[in-house]
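Work through the exercises below with the sequence and the coordinates open. Each task is followed by a solution in steps.

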Amino acid sequence: MNSSSKRAALLSALLATAAAVALLGHAQSTPAPAPPTAPLTDRNLIVLDPAHGGPDNGAILPGLGPEKDVTLTLANRLRAALTSAGFAVVSTRENDPPVALSADQRADIVNRAHPLACILLHATATGSGVHIYTSTLPAPNPQAANPEDTSPPFTPIPWDEAQAGFIPQSLALASSLTAAFADANLPAFSGRVPLRPLDNLTCPAVAIELAPLPVAGEDPTSVGDPAYQQRIAATLATALRASRDHPGPPFLAAPGTPR
Amino acid sequence: MIPRYQRILFWTLTAAILLMALFLLRGCRQAREKLTRQRDETPLAAPVITPSETFHLALASDADGSIVMVDREIALPTETTARARALLARLIAEYSYKGSTHPLESGPAIDDVFLLDLPLRPAAATSGSLSSSNLSQPLTADLGTDTGPQPVGGAGQLAVINIHGSFADHHPSGIEPETLTIDSILGTLYANFPRIEQVRFLVDGQPRETLSGHADLLRTYTVSDTSTKSTPFAPKAH
């Protein structure tokens, strides 16, 4: 091998080494891909889910007919109250369709909207007052938000546990609604129930079940009473508006969820 | 003076009434004897005298949505699954009594209870196993026919409760009444069967979405103390 060939080979080796070092440095300086995050919440949007519909009548309420009609009427009143408060409102049904949406389809509508809150509406002839329910799923482990946590940055969320990350927000929403009903002199009870599609929602969500209103010395007010329903709608709208207009975050934040 | 023909008519009718009454009584007696003859009274198993024991029932109340633990003296079978079924049947029967705080229609409610040792293993890993392809989670239990890992002694159990369809169809519809019924069942199992950790429900042997339109029956429930109004409660020891 002559001297020019040696120089060419040495130059090639130096260039290759420099290129490898440069590539390695670039790879080390490139930030790791960020874990997927939830889209921003539309603080001006509420989704209503009047339960049942179509062939699914729900409960048959004495003197009122099927539950699906009562929930639709209540949803219409609540929509008007929320619109008056400046909210945009999306409803999973606005009439009585011949074929009802499945629980998964209703959850799909809600999850694509990214609302401030989702209100599932039910009615019953048993019990009394307003029942406010949240999912029975456990709240997320605080360790997930720990920066020293060595677990993978992203883990898939099972569909049946989609609500788990929003449990703190949903509980805060239920708490604020319970307080609002107390301020309006309406008896309200809160609890946690196994109810679909509550577990599949990726937003703060509660189920409101309307029960007869006890009246001292008289028969309870029926859940179909327009004045009773209007009080419920006005109270819900007032509480949700207060949460939206609050200067800080409306509800507790789910770990890793931007507001 | 009553005419003669009227007196004859009166006594004739009276005699006819008496004869008809005697005929009716005789017919009733014959029918009862016929039914008695057809009844098979052959003894099949020796009678067993089971002493009454104290069991805890988690009784629900619609008025305030509470569940209270109460004690009942009940004589139940000694076999565990039959014992669980009988206890749950008694629990549901309590709700059909007059003055019940969580009124349910009377009638058969619990068809059967199956107990499977945990942990369950994937369906593909076993042969001769119980499985339900329609369930969101496959159920597979050891039947002692394979060589796979056996459940550890004292491990928990999954109770599969098969409910009568008529009970579910006639159950009061609503979030609260349906949830109270399920919580009542879970609380009663927790208090009396410490090995049962999880519960799944079937209706007439098939998975069903809801009990009566609301409470989810497709999920696996974790057994826990569901009582909301009671003193600190300790479940029965093994």
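**Exercise 1. Cis peptide bonds**

Task: place B:Pro119 in the secondary structure of chain B, then state the form of the peptide bond that leads into B:Pro119. Do likewise for A:Pro197 in chain A.

Solution. The model is a predicted one.
Step 1: B:Pro119 sits in the loop that joins β3 (110-117) to β4 (157-163) of chain B.
Step 2: the bond from B:Leu118 to B:Pro119 is cis, its omega being near 0°.
Step 3: in chain A, the loop between β7 and β8 holds A:Pro197. The bond from A:Arg196 to A:Pro197 is cis, with omega near 5°.

**Exercise 2. A leucine in a loop**

Task: decide whether A:Leu201 is buried or exposed, and list its contacts beyond four places in sequence.

Solution.
Step 1: locate the residue. A:Leu201 belongs to the loop between β7 (188-193) and β8 (205-210) of chain A.
Step 2: count neighbours. The cut-off for a buried residue is 20 or more other C-beta atoms within 10 Å. A:Leu201 has 25 C-beta neighbours inside 10 Å and therefore counts as buried.
Step 3: list the partners. Apart from neighbours within four places in sequence, A:Leu201 contacts A:Ala107, A:Val110, A:Asn111, A:Cys118, A:Ala162 and A:Gln163.
Step 4: check a distance. A:Ser170 is 31 residues from A:Leu201 along the chain, and their C-alpha atoms are 10 Å apart.

**Exercise 3. Positive phi**

Task: for A:His114 and A:Asn185, give phi, then the location and the degree of exposure.

Solution.
Step 1: A:His114 is a residue other than glycine with a positive phi, near 50°. A:His114 lies in the loop between α3 (103-113) and β5 (115-123) of chain A. Because 16 other C-beta atoms lie within 10 Å, A:His114 is partly exposed.
Step 2: A:Asn185, also not a glycine, has a positive phi near 60°. The loop between α4 and β7 of chain A contains A:Asn185. With 8 C-beta neighbours inside 10 Å, A:Asn185 is classed as exposed.

**Exercise 4. A helix pair**

Task: describe how α4(A) and α5(A) cross and which residues make the contact.

Solution.
Step 1: the axes of helix α4 (residues 167-183) and helix α5 (residues 226-245), both of chain A, come within 9 Å and cross at roughly 130°.
Step 2: the two helices are therefore oblique to each other, and their crossing is right-handed.
Step 3: α4(A) contributes A:Ser176, A:Leu177, A:Ala180 and A:Phe181, while α5(A) contributes A:Thr235, A:Leu236, A:Thr238, A:Ala239 and A:Ser243.
Step 4: sorted by class, this contact has 5 nonpolar and 4 polar residues, and no charged ones.

**Exercise 5. The nonpolar core**

Task: which residues touch the most other members of the largest nonpolar core, and which element gives the largest share of this core?

Solution.
Step 1: the core has 98 residues, and A:Ile119 and A:Val206 touch the most other members.
Step 2: helix α4 (residues 175-192) of chain B supplies the largest share, 8 residues.
Step 3: beyond four places in sequence, A:Ile119 touches A:Ile46, A:Leu48, A:Asp49, A:Val206, A:Ile208 and A:Leu236.

**Exercise 6. Chain A as a whole**

Task: summarise the secondary structure of chain A and the share of its residues that count as buried.

Solution.
Step 1: chain A has 5 helices and 8 strands, in the order α-β-β-β-α-β-α-β-β-α-β-β-α.
Step 2: of its 259 residues, 36% count as buried.

Definitions and conventions
Residues numbered from 1 in each chain as written. Chains lettered and ligands numbered in written order. Predicted model: local features only at pLDDT ≥ 70, side-chain atom pairs only at ≥ 80, totals over all residues. Axes fitted to C-alpha atoms, helices over the stretch in contact; angles between N-to-C directions. Helix = DSSP H or I, 4+ residues; strand = E, 2+ residues; numbered from the N terminus. Parallel < 35°, antiparallel > 145°, perpendicular 65-115°, else oblique. Left-handed = near helix turned anticlockwise from the far one by under 90°. Contact = placed C-beta atoms within 7 Å. Nonpolar A, V, L, I, M, F, W, Y, C, P; charged D, E, K, R; others polar. Core = buried A, V, L, I, M, F, W, Y, C linked by C-beta atoms within 7 Å. Buried ≥ 20, exposed ≤ 12 C-beta atoms within 10 Å, placed from the backbone.
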